[in-house]
Amino acid sequence: MSGVLSIFQRSETSRKACYTQYLGDGDSKGFLTIKEAKVYGDTEVEKLECVGHVQKRMGTRLRNILKMSKGIKLSDGKNISGRGRLTLKRSGLNLTLLWASNP
């Protein structure tokens with residue numbers, strides 16, 4: 001993680017700027033490195049999440065829940081998937097998880 005740290009450290013001298021926001025993929029240790037190093041002293045660096053990575057992680061977890069919950073009934077006696085429930089829609093190469101809200 002020395003790469004991201006060196007970018008933040010040299011920003012003041014080479015660009016006369018402080019990066020106050022860090023856009024990461026959520027799995028990276030880069031932000032922790034920046035935060036622990038306190039590159040700008042008391043100035044905090046805010047972590048931003050890439051929507052695509054959040055969506056990917058959430059989708060993976062929901063697909064795993066669907067796979068592991070097959071045949072298991074919920075407290076209302078119905079399956080987790082099906083009409084008005086969590087469903088997996090396949091369109092081409094894209095997978096879309098749909099969560100139906102209660103009417």
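This passage describes the fold, the first helix, the aromatic residues and a few single residues of a predicted model.

The chain has 103 residues, and 17% of them are buried. Its secondary structure comes to three helices and four strands. Read from the N terminus, the elements follow the order α-β-α-β-α-β-β. Contacts across the sequence were also counted. Of the contacts between residues at least 6 apart in sequence, 45% join residues at least 24 apart. The chain exposes about 8,200 Å². Carbon and sulfur atoms supply 53% of that area.

Helix α1 covers residues 2–15, which makes 14 residues. At 1.5 Å a residue, a span of 20 Å is expected. The end C-alpha atoms lie 19 Å apart, so the expected and modelled spans agree. The helix is nonetheless bent, by about 35° at Q9. Its buried residues are V4, L5, F8 and S11. In an α-helix there are 3.6 residues a turn, so residues three or four places apart point the same way. The buried residues of α1 pack against two elements, β1 (21–24) and α2 (30–37).

F8 belongs to helix α1. Its relative accessible area is 5%; the cut-off for a buried residue is 20%, so F8 counts as buried. Beyond residues up to four places away in sequence, F8 touches Y19, Q21, Y22, I34, V39, Y40 and V45. The C-alpha atoms of F8 and T20 are separated by 9.6 Å, with their positions twelve residues apart along the chain counted as the distance in sequence.

S11 is another residue of α1. With a relative accessible area of 1%, S11 is buried. A polar atom of the S11 side chain lies 2.8 Å from the backbone oxygen of F8. Apart from neighbours within four places in sequence, S11 is in contact with K16, A17, C18, Y19 and Y40. Y19 and Y40 thus appear among the contacts of F8 and among those of S11.

Aromatic residues were examined next. A search of the whole structure finds four aromatic pairs. One of them joins F8 and Y19. Their ring centres are 5.3 Å apart and their planes meet at 70°, so the pair is edge-to-face. This pair links distant parts of the chain, eleven residues apart. F8 sits in helix α1, and Y19 in the loop between α1 and β1. Y19 has 30% relative accessibility and therefore counts as partly exposed. Y22 and F31 also pair, with ring centres 5.8 Å apart. The planes of Y22 and F31 stand at 40°, so this pair is tilted. Both Y22 and F31 are buried. F8, Y19, Y22, F31 and Y40 form one aromatic cluster.

Backbone angles were considered as well. Most residues other than glycine have a negative phi. K16 is not a glycine, yet its phi is positive, at about 55°. K16 comes just after α1, in the loop between α1 and β1. At 72% relative accessibility, K16 is above the 50% cut-off and so counts as exposed. K16 is also one of the residues in contact with the buried S11. K38 is a further residue other than glycine with a positive phi, near 45°. K38 is placed in the loop between α2 and β2 (46–49). Its relative accessibility is 56%, so K38 counts as exposed.

The last residue considered is G52. G52 lies in helix α3, which spans residues 51–68. At 44% relative accessibility, G52 falls between the 20% and 50% cut-offs and so counts as partly exposed. The C-alpha atoms of G52 and D25 are separated by 8.4 Å. Along the chain, G52 and D25 are 27 residues apart.

Definitions and conventions: Residues are numbered from 1 along each chain as its sequence is written. This is a predicted model: local features need pLDDT of at least 70, side-chain atom pairs count only at pLDDT 80 or more; totals for chains, interfaces and linings use all residues. Side-chain values use heavy atoms; hydrogens and water are left out. The expected span of a helix is 1.5 Å times one less than its number of residues. The bend at a residue is the angle between axes fitted to the seven residues ending there and the seven starting there. Buried means under 20% relative accessible area, exposed over 50%, partly exposed in between (1.4 Å probe, protein chains only). Contact means heavy atoms within 4.5 Å. Rings of Phe, Tyr and Trp (its six-membered ring) pair if their centres lie within 6.5 Å; planes under 30 degrees apart count as stacked, over 60 as edge-to-face and the rest as tilted. Accessible areas come from the Shrake-Rupley method with a 1.4 Å probe; for residues, only the protein chains shown count as cover. A polar contact is a pair of N or O atoms within 3.5 Å; within protein, one must be able to donate a hydrogen and the other to accept it, and residues adjacent in sequence count only if both atoms are side-chain atoms.
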